[in-house]
Amino acid sequence: MSGLAALWFLSLGIAAVALLIMFGLLLARMVLGWTGRARDVEKKRIVPLLLGSRPHGKLRGGGRGDLLATLLVELIQLVRGSDRDRFVEAATRLGVPERLRHNLNSGSPRVRLAAAEALAEFADEESVERLHAALRDRNSDVRLSAALSLASVDRTPPARELVDLLGIGTRENSLLTVGLFRDIAARRPNEIKALILDDSVPANAKASAIEALSASADYALVPLIASLALSSDSEDPALSRYLRALGAFAHPAGEKAVKRGLGSPRWDVRAAAAEAAGKIGLIGLGTQLREALADREWWVRFRAGEALARMGTDGAALLRQAAAQAPEPGRTAARLTMAERGIV
Amino acid sequence: MTAWQAWGLWAAEWIALLVIFTGLLQTFFYVVQLGFAGVALGRRPPIARASLLWRRYADEAPAIAVLAPAFNEEVTIVESVNSLLALHYPDFEVIVINDGSKDRTLETVIGHFGLSRVERFHDVAVKHNPIRGLYASPRLPRLLVVDKENGGKSDALNAGINVARAPLFCSIDADSLLEPDALLRAVRPFVEEPLKTVAVGGTIRIANGSRIEAGQVLDIRMPRNFLALVQIVEYLRAFLMARLALSAMQALTVISGAFGLFQRHAAMEVGGYSHGTVGEDMDLVMKLHGLFRERRQPYRIDFIPDPVCWTEVPESLVILGRQRARWQRGALEVFSRHKKMLFNPRYGRIGFLGMGHVLIVDVLGPIVEVLGYFLVPLLWSLGLLAADYLLAFLAITFTFGIFVSTATLILEEAELRRFPKKRDLAILTAVAVVENFGYRQLANFWRLRGWWQFLRKQQGWGTMTRKGFARP
């Protein structure tokens with residue numbers, strides 16, 4: 001048989017195998033369809049039991065474990081207060097945490113991820129221990145989910161250790177790390193503050209920590225963040241995050257850092273500095289903001305206009321001046337900002 | 001045997017081998033893609049419920065501007081805008097761009113939503129036809145209407161990019177129906193890889209036959225029209241196999257114009273959407289690849305398999321043929337514009353895998369396959385080719401095609417199971433076989449027409465008559 005004829009027979013063979021597999025899946029679907037119906041029946045039976053409308057019924061674990069686990073976790077996530085406690089208790093009684101812990105060993109990252117997320121609802125020692133182990137999972141999504149679950153029950157390892165385990169700021173740059181730090185900061189703010197001071201913590205991890213703390217109104221952090229911003233390389237991408245945090249604190253101690261940011265070669269840093277100037281109300285930077293209305297990058301012009309508009313009569317005067325005298329594109333930026341904000 | 005006969009035999013064999021080799025190369029690409037798509041599906045995060053996604057992303061998700069170009073959409077504009085305003089996402093704005101409609105699209109949207117003319121400071125970096133006015137209402141802070149002179153979809157999107165104030169924008173088609181949690185699902189790569197992600201595409205599904213109310217697909221049903229059924233299998237191959245695999249290889253060359261999420265600043269750096277091509281969605285993706293490759297800056301262009309958008313597909317041969325010719329022309333135009341990337345080490349895997357895929361599947365594929373339809377049977381009947389050549393040709397045009405389509409369906413059923421009824425799955429399996437006999441050949445002829453239009457430098461979209469989504 002020639003190679004060309006072999007190609008024909010090979011194509012016939014694999015097409016036939018594919019069709020056979022599809023046929024098998026169709027058969028499986030028929031069976032699953034029946035199972036699906038059985039699951040629907042089970043679901044209808046379980047929900048009232050869990051809701052307590054049929055308190056004398058009996059819950060079963062075992063065979064329908066996956067369904068129970070999914071259903072209970074969904075219910076737990078939907079409710080709060082005593083209902084939630086009741087569902088958590090029912091789930092624990094039915095062995096849902098055990099099943100989820102078992103799923104953390106699955107070969108499928110998807111199953112491990114779902115288990116790590118769901119275990120957040122249970123704070124028992126064994127689950128916490130398994131979540132700690134999952135911080136070393138080979139999949140980064142599973143690691144981060146385990147950390148978020150632990151943070152939600154205040155059982156994470158020290159934040160510094162977490163930075164290393166997850167590679168925050170190096171391998172792991174997810175925005176969810178801000179939420180992770182925020183959760184930790186709610187109970188152990190000093191750990192997150194310590195990250196900002198620690199020279200060995202990567203800049204992006206520090207920026208996440210700063211963002212997490214920016215809603216804390218802990219003004220003692222302002223000089224610290226300002227000094228970080230002042231000592232950062234002007235090309236450092238974390239610089240704009242530092243400046244946004246300074247804007248969120250709205251404390252004048254950030255002025256020097258904001259002033260430096262306005263002169264950065266990076267447009268995102270200039271825009272963040274202009275935004276921060278407006279939020280802090282740094283009218284002393286008014287002249288620089290007026291000049292920024294003519295920046296080559298629209299975002300900077302927009303943020304500068306926005307900042308001046310926030311600064312009351314002094315800012316409005318600078319906008320009027322720019323609208324009347326500044327060369328383009330500063331003139332248009334000022335004119336349209338005034339029109340949009342109703343400044344006459 | 002005379003010299004002429006010997007030469008004829010030699011030529012016939014080489015023609016057949018060229019056809020078979022090209023077909024095999026395409027099949028090889030598909031098999032590799034199936035493997036990558038299978039692994040990517042196995043590794044994807046679980047499809048979370050919208051409430052869980054909200055809880056997870058609400059605090060961190062970046063703002064998104066949804067850009068909805070509208071041209072002569074007077075009848076559907078209000079429902080479309082209402083559907084967009086009802087999206088579940090923490091921070092978004094809907095920018096409707098009236099691209100010089102000749103009907104009452106603008107008046108309808110202004111009147112219904114009580115909008116009035118406003119001034120808004122916006123960017124002017126991306127080129128487009130002049131904006132005539134902006135309309136908004138303080139009662140609907142998420143809605144902004146841009147009225148501009150007609151310039152086509154890419155021009156309208158460029159105006160939307162300039163006016164948008166969010167770091168991300170989502171481009172959609174006028175007839176796209178978004179799932180309510182589409183933005184929450186599609187934003188995932190931007191949240192998880194914020195420093196690298198520049199664009200994300202999502203799965204487009206076919207809504208023909210399904211029950212739709214208030215801009216939402218309520219009951220997924222199979223269309224009764226054969227062409228729409230075939231397109232379901234085609235879309236599965238395109239999205240579930242090709243795009244998912246190319247995304248896993250980081251060599252995705254196209255994000256559908258029906259739904260795509262882009263980093264606004266990156267899109268502006270490449271000048272937004274290009275004019276003068278019907279492949280503007282593919283062109284934007286290629287320009288982004290070019291920009292980041294040339295800068296040697298790490299970046300990601302991803303595809304998510306979650307279903308995020310529904311669309312209506314043509315149910316008549318004439319309109320489908322026109323659409324396919326246009327798609328082919330678009331692919332050739334973009335290939336021609338970015339040909340310097342092909343097999344250029346500077347562009348890495350996008351030059352080899354991405355552009356290589358376009359070369360084999362879109363540029364050479366239809367020509368060589370149609371050549372094969374004529375020549376291989378003819379040469380065999382003239383006795384110039386052995387039967388083995390004919391069999392090998394049948395393998396690459398029919399049986400491998402059945403394998404690839406069926407294998408995609410297997411992936412769908414094993415990993416996603418999005419077709420609720422087993423009868424639907426059985427129908428699609430039958431379609432995966434039948435489409436190779438007649439439809440595939442017709443599709444290749446349409447693509448050749450696209451080639452011809454490309455060579456004649458034909459411009460424009462042609463008339464795309466829509467049947468309209470089924471209403472209750």
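Which residue in strand 2 of chain B is the bridge partner of Ala65(B)? Keep that in mind while you load the view. This is a predicted model.

**Stop 1: strand 1 of chain B**

Select residues 64-70 of chain B, which make up strand 1. Add residues 92-99, strand 2 of chain B. The two strands run parallel and are joined by 7 bridges. Here is the reply to the opening question: Ala65(B) has Glu93(B) as its bridge partner.

Now show the side chains of strand 1. Ile64(B), Val66(B), Ala68(B) and Ala70(B) point one way. Ala65(B), Leu67(B) and Pro69(B) point the other way. Is strand 1 of chain B enclosed or open? Buried here means under 20% relative accessible area. In strand 1 of chain B, 7 of the 7 residues are buried, so the strand is largely enclosed by the rest of the structure.

Step off strand 1 into the loop that leads to helix 3 of chain B, and pick Asn72(B). Its phi is positive, about 55°, although Asn72(B) is not a glycine. Most residues other than glycine have a negative phi. Asn72(B) is partly exposed, at 34% relative accessibility.

**Stop 2: helix 3 of chain B**

Select residues 77-85 of chain B for helix 3. What does this helix lie across? Helix 3 of chain B lies across strands 1, 2, 5, 6 and 7 of chain B. Check its direction against strand 2: the angle is about 160°.

**Stop 3: the whole sheet**

Zoom out on chain B. How many strands form the open sheet? There are 10, in the order 3-4-5-2-1-6-11-8-12-7, and the pairing is mixed. Pick out strand 3 (116-118) and strand 7 (177-178) of chain B. These two stand at the edges with a single partner strand each, so one side of each has no neighbour in the sheet. Strands of a sheet pair through backbone hydrogen bonds, so switch these on if your viewer draws them.

**Stop 4: strand 11 of chain B**

Select residues 259-263 of chain B, strand 11. Strand 11 is mostly covered, with 4 of its 5 residues buried. Add strand 6, residues 168-172 of chain B. Strands 6 and 11 pair in the antiparallel sense over 5 bridges. Follow two of the pairings. Ile172(B) has Phe259(B) as its bridge partner. Ser171(B) is matched with Gly260(B).

Next, add strand 8, residues 197-206 of chain B. Strands 8 and 11 of chain B run antiparallel and are joined by 3 bridges. Label Ala199(B) and Phe262(B), which are bridge partners.

**Stop 5: the tryptophan patch on chain B**

Show the surface. Select Trp4(B), Trp7(B), Trp10(B), Trp14(B) and Leu17(B). These residues make a nonpolar surface patch of about 700 Å². Leu17(B) belongs to helix 1 of chain B, residues 3-43. Leu17(B) is partly exposed, with a relative accessible area of 32%.

**Stop 6: where chain B meets chain A**

Go to helix 13 of chain B, residues 387-416, and select Glu413(B). Is Glu413(B) buried or exposed? Glu413(B) is buried, with a relative accessible area of 2%. Show its surroundings. Glu413(B) touches Met22(A), Leu25(A) and Arg29(A) of chain A, and also Leu425(B), leaving aside residues up to four places away in sequence.

**Stop 7: chain A**

Select Ala304(A), in helix 17 of chain A (residues 298-310). Ala304(A) is buried, with a relative accessible area of 0%. Residues up to four places away in sequence aside, Ala304(A) touches Ala274(A), Leu289(A), Ala292(A) and Leu293(A). For a sense of scale, draw a line to Pro189(A), 115 residues away along the chain. The C-alpha atoms of Ala304(A) and Pro189(A) are separated by 33 Å.

Two backbone details in chain A remain. Pick Asp154(A), in the loop between helix 7 (140-152) and helix 8 (159-166). Asp154(A) has a positive phi of about 55°, although it is not a glycine. At 29% relative accessibility, Asp154(A) is partly exposed.

Finally, select Glu328(A) and Pro329(A). Is the peptide bond from Glu328(A) to Pro329(A) cis or trans? The bond is cis, with omega near 5°. Most peptide bonds are trans. Pro329(A) is in the loop between helix 18 (312-325) and helix 19 (330-341) of chain A.

Notes:
Residues numbered from 1 in each chain as written. Chains lettered and ligands numbered in written order. Predicted model: local features only at pLDDT ≥ 70, side-chain atom pairs only at ≥ 80, totals over all residues. Heavy atoms only, no water. Pairing = 2+ DSSP bridges. Contact = heavy atoms within 4.5 Å. Axes fitted to C-alpha atoms, helices over the stretch in contact; angles between N-to-C directions. Patch = residues over 30% accessible without salt bridge, like charges linked within 9 Å, V, L, I, M, F, W, Y side chains within 5 Å. Areas by Shrake-Rupley, 256 points an atom, 1.4 Å probe, with all protein chains shown as cover. Salt bridge = Lys/Arg side-chain N within 4 Å of Asp/Glu carboxyl O. Buried < 20%, exposed > 50% of the residue type's maximum accessible area, 1.4 Å probe, protein only.
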